[in-house]
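Student: Could you take one part of this structure and give a close account of how it packs against its surroundings?

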Amino acid sequence: MPSTDALLAEIPRLRRYARALTGDATRADDLVQDTLERALNKWRLWRPGNLRNWLLTTMHHVFINQLAAENRLQYRDAAELPETPVAPAQSDGLELRDLGRALQALPADQREILLLVGLEDLSYEETARIVGIPPGTVMSRLSRARGRLRGLLAEGETLPAHLKIVK
Amino acid sequence: MKPAPISEDDLHAWADGRLEAARRAEVEAWLAEHPQEAAALAAWRQQNARLHAAFDPVLAEAVPARLRAAATPGRWRPLRAAAALGWLALGAVLGATWNAPGWNAPGGARHADSHAQPADALIELPRRAAVAHAVYTPEQRHPVEVGADNEQHLVAWLSKRLGTPLRVPDLGPLGYHLMGGRLLAAEAGPGAQFMYDNATGQRLTLYVSAAGSGNGAAASFRFAEEEGISVFYWAENGFAYALSARQPRAALLPVADAVYRQLAP
């Protein structure tokens with residue numbers, strides 16, 4: 001069983017990832033809490049090793065279960081998921097709002113990959129294990145996510161006048 | 001030697017800083033001749049930088065207490081199990097105990113016994129307090145209805161509902177701090193539950209309800225234990241009090257003693 005201190009030490013990282021993933025501080029902490037509780041329930045499945053990646057794997061399961069439960073977004077391995085924009089993240093500053101909104105406009109499966117690689121700085125192999133997909137799928141999702149995010153962020157800069165964000 | 005063709009995977013690995021030096025040089029030489037791809041890669045790198053700039057401040061935030069509690073094992077799992085079974089299971093177990101011959105008419109329903117002994121309210125008390133403890137203490141998000149940050153309102157509200165000025169014991173010297181309280185349905189009307197926790201997340205509850213008639217005289221401390229929940233209970237001035245915790249009797253006794261002394265008129 002992982003020690004409580006080791007678990008506590010992982011919470012800031014889990015919160016950062018969850019904040020970016022959900023776009024909402026309260027939902028993010030709910031996700032972290034559910035992850036910790038599930039992890040402690042399932043600690044017998046834990047093999048001494050990389051605690052952080054094990055927690056991220058657990059969070060992935062909790063996250064997709066929540067998505068399914070909320071019926072907000074079907075989590076499938078499909079490139080052609082309809083875009084489901086959600087309310088923009090509440091946050092300080094235009095930069096985060098901009099980026100947060102663009103992230104939430106990404107399909108959840110692409111957002112996860114983009115954040116595990118780009119924010120959590122995990123290797124492609126680690127990312128593949130956490131999400132439970134082949135490395136090749138990681139690369140194709142990453143590619144789609146980056147392309148789409150680039151388009152969304154560029155779009156934000158050429159919004160119609162009444163929506164334009166003044167820098 | 002001609003370098004291997006540059007793949008898209010190489011480009012991502014370049015953007016993520018995951019290429020070895022030799023391959024990196026080859027990719028960079030290729031990029032010099034492919035400005036469109038180079039622009040895309042610059043954008044990808046910038047995405048990573050913006051993600052860190054936007055979300056790294058979360059790392060410096062104080063961790064909320066509810067998440068610290070969720071990372072502390074051994075406390076909530078057994079309690080959650082009890083709460084999941086809730087009134088039904090625990091009630092059945094305790095009910096069986098209290099329905100045993102000698103406590104109530106054998107085989108008779110609890111409420112069929114209209115000639116209840118004067119001490120009936122106190123017989124019910126530890127069972128009710130233990131069940132309320134098992135039901136509410138595992139709650140992570142809604143353990144109390146009104147939090148300790150609204151203590152004045154909490155005390156005024158519950159005092160009004162119970163029809164007596166309530167006092168909330170200060171257990172700070174024993175390491176326990178008030179989390180808040182809630183209104184409960186007690187044996188014959190409203191009851192109140194105050195919840196405390198300590199630094200290690202251990203929770204205890206103080207249950208207060210009208211003791212019913214015939215209990216005006218102060219009753220001495222009694223102790224009951226069911227399903228691992230220790231309950232100290234007593235009656236005073238027409239009110240019944242029960243202090244419950246998932247702790248051994250000896251550990252709870254000094255707390256119960258402090259509560260009793262503080263609540264004594």
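Tutor: The account below follows one helix and then turns to the chain interface. This is a predicted model, in which local features need pLDDT of at least 70 and side-chain atom pairs count only at pLDDT 80 or more, while totals for chains, interfaces and linings use all residues. Residues are numbered from 1 along each chain as its sequence is written, chains are lettered from A and ligands numbered from 1 in the order in which they are written, and side-chain values use heavy atoms, with hydrogens and water left out.

Helix H5 of chain A spans residues 108-118 and helix H6 of chain A residues 124-131; their axes come within 10 Å and cross at roughly 140°. Helices here are DSSP runs of H or I with at least four residues, numbered from the N terminus; axes are lines fitted to C-alpha atoms over the stretch in contact, and angles run from 0 to 180 degrees between N-to-C directions. H5(A) and H6(A) are therefore oblique to each other, the class left over once angles under 35 degrees count as roughly parallel, over 145 as roughly antiparallel and 65 to 115 as roughly perpendicular. In this contact (heavy atoms within 4.5 Å), Glu112(A), Ile113(A), Leu116(A) and Val117(A) of H5(A) meet Tyr124(A), Thr127(A), Ile130(A) and Val131(A) of H6(A). These residues comprise 6 nonpolar, 1 polar and 1 charged, where Ala, Val, Leu, Ile, Met, Phe, Trp, Tyr, Cys and Pro count as nonpolar, Asp, Glu, Lys and Arg as charged, and the others, Gly among them, as polar.

H5(A) also packs against helix H3 of chain B (residues 35-55), at an angle of about 85° and with the axes 10 Å apart. That makes H5(A) roughly perpendicular to H3(B). Here Leu114(A), Leu115(A) and Gly118(A) meet Gln47(B), Asn48(B), Leu51(B) and His52(B), a set of 3 nonpolar, 4 polar and no charged residues.

Across the chain interface as a whole, 37 residues of chain B are in contact with 44 residues of chain A. The rule finds 7 salt bridges there, each a side-chain nitrogen of Lys or Arg within 4 Å of a carboxyl oxygen of Asp or Glu. Arg66(B) pairs in this way with Asp30(A), the closest N and O atoms being 2.8 Å apart.

Note on methods:
Helices (H or I, at least four residues) and strands (E, at least two) are DSSP runs, numbered from the N terminus.
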